[in-house]
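I opened a fresh notebook page for this one. My plan is to look things up one at a time and jot down what comes back.

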Amino acid sequence: MMDRRAPALATARAGRAMRRNDARARSHPAYWAFLTHRLSGIALALFLPIHFLVLAQALAHPASLDAFLDWTRQPAVKLAETLLVLALAAHLGGGVRLLFIEFAGWRAEWQKTALALVAAGALAVALLFALAA
């Protein structure tokens, strides 16, 4: 006769295995690429309404736009702009990496190299922006 607890026991064992492997999965570079891509996407999505508000302000009240642009010359705002450019470059690089995986296929030996190239490119773009600002 079949044990009715068998599916529940299998599910419990699978849950314990997932928790045990959870730390290993979170230390993998691909997890950090996923997290960076997700957080940079959220940051960019939060930035867009503010950007559109400033553009609308430029059309409606040019004098208030000048005051806003004066405010953006503060060092803290310059740092925030540089971090925004870093988020944009990281999100773009992560998206290109995902497209490459989608169309070229998953090759485990290339993943760390691809992640390092994306990170280096994003940092280079942010550094160039910071130096030009």
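Below are my entries, from the overall fold down to single residues.

**Entry 1: the fold**

I remind myself that this is a predicted model. I looked up the secondary structure and got five helices and zero strands. Read along the sequence, I have the pattern α-α-α-α-α.

I then asked how much of the protein is buried, and 17% of the 133 residues count as such. For contacts with a separation of 6 or more, I find that residues 24 or more positions apart account for 67%.

**Entry 2: the largest pocket**

What volume does the largest pocket have? I get about 440 Å³. It is lined by 15 residues, and those closest to its centre are Phe-47, Ile-50, Phe-68, Glu-81 and Leu-84.

I wanted to know where the lining comes from. Two or more residues each come from H2, helix H3 (62-71) and helix H4 (75-104). The most comes from H2, which gives six residues. By class, I note twelve nonpolar residues in this lining, two polar and one charged.

**Entry 3: the second largest pocket**

Next on my list was the second largest pocket, with a volume of about 260 Å³. I see 14 residues in its lining, and Thr-36, Ala-90, Leu-115, Val-118 and Ala-119 are the closest to the centre. The elements giving two or more residues here are H2, H4 and helix H5 (108-132). I sorted this lining by class too, and wrote down ten nonpolar, three polar and one charged.

**Entry 4: Ser-40**

I picked Ser-40 in helix H2, which covers residues 29-60. Is Ser-40 buried or exposed? Its relative accessibility is 5%, so I put it down as buried, the cut-off being under 20%. Skipping residues up to four places away in sequence, I find that Ser-40 touches Ala-87 and His-91.

**Entry 5: Arg-97**

Arg-97 sits in helix H4. I checked its exposure as well: the relative accessible area is 10%, so this arginine is buried.

Which residues is Arg-97 in contact with, leaving aside neighbours within four places in sequence? My list reads Ala-33, Gln-111, Ala-114, Leu-115 and Val-118. I took a C-alpha to C-alpha distance for the last of these: Arg-97 and Val-118 are 7.7 Å apart in space and 21 residues apart in sequence. Val-118 had already turned up in my notes, among the residues closest to the centre of the second largest pocket, and so had Leu-115.

**Entry 6: the salt bridge**

I searched for salt bridges and the structure holds one. Side chains of opposite charge can pair when their charged atoms come close. The partners here are Arg-73 and Asp-70, with 2.6 Å from N to O.

I also asked how open Arg-73 is. With a relative accessible area of 55%, Arg-73 is exposed. That sets Arg-73 apart from Arg-97, which I logged as buried.

**Entry 7: aromatic rings**

How many aromatic pairs are there? The count comes to four. I looked closely at Phe-68 and Trp-71: their ring centres are 5.6 Å apart and their planes are at 35°, so I call the pair tilted. Both residues lie in helix H3, three residues apart, or about one turn of the helix.

On exposure, Phe-68 counts as partly exposed at 26% relative accessibility. Trp-71 is partly exposed as well, at 44%. I recall Phe-68 from the pocket search, where it was listed with the residues closest to the centre of the largest pocket.

I also traced a cluster in which ring pairs link Tyr-31, Trp-32 and Phe-34.

**Entry 8: Leu-117**

My last lookup was Leu-117, found in helix H5. Its relative accessible area is 60%, so I marked this leucine as exposed. From C-alpha to C-alpha, Leu-117 and Gly-93 are 8.6 Å apart in space, with their positions 24 residues apart in sequence numbering.

Methods. Residues are numbered from 1 along each chain as its sequence is written. This is a predicted model: local features need pLDDT of at least 70, side-chain atom pairs count only at pLDDT 80 or more; totals for chains, interfaces and linings use all residues. Side-chain values use heavy atoms; hydrogens and water are left out. Helices (H or I, at least four residues) and strands (E, at least two) are DSSP runs, numbered from the N terminus. Buried means under 20% relative accessible area, exposed over 50%, partly exposed in between (1.4 Å probe, protein chains only). Contact means heavy atoms within 4.5 Å. On a 1 Å grid over the protein atoms alone, a cavity is a set of points where a 1.4 Å probe fits but cannot get out, and a pocket is an open set with protein on both sides within 12 Å along at least five of seven lines; lining residues have an atom within 4 Å of a point. Grid points are joined across faces, edges and corners, and a volume is the space filled by probe spheres set on the points. Ala, Val, Leu, Ile, Met, Phe, Trp, Tyr, Cys and Pro count as nonpolar, Asp, Glu, Lys and Arg as charged, and the others, Gly among them, as polar. A salt bridge is a side-chain nitrogen of Lys or Arg within 4 Å of a carboxyl oxygen of Asp or Glu. Rings of Phe, Tyr and Trp (its six-membered ring) pair if their centres lie within 6.5 Å; planes under 30 degrees apart count as stacked, over 60 as edge-to-face and the rest as tilted.
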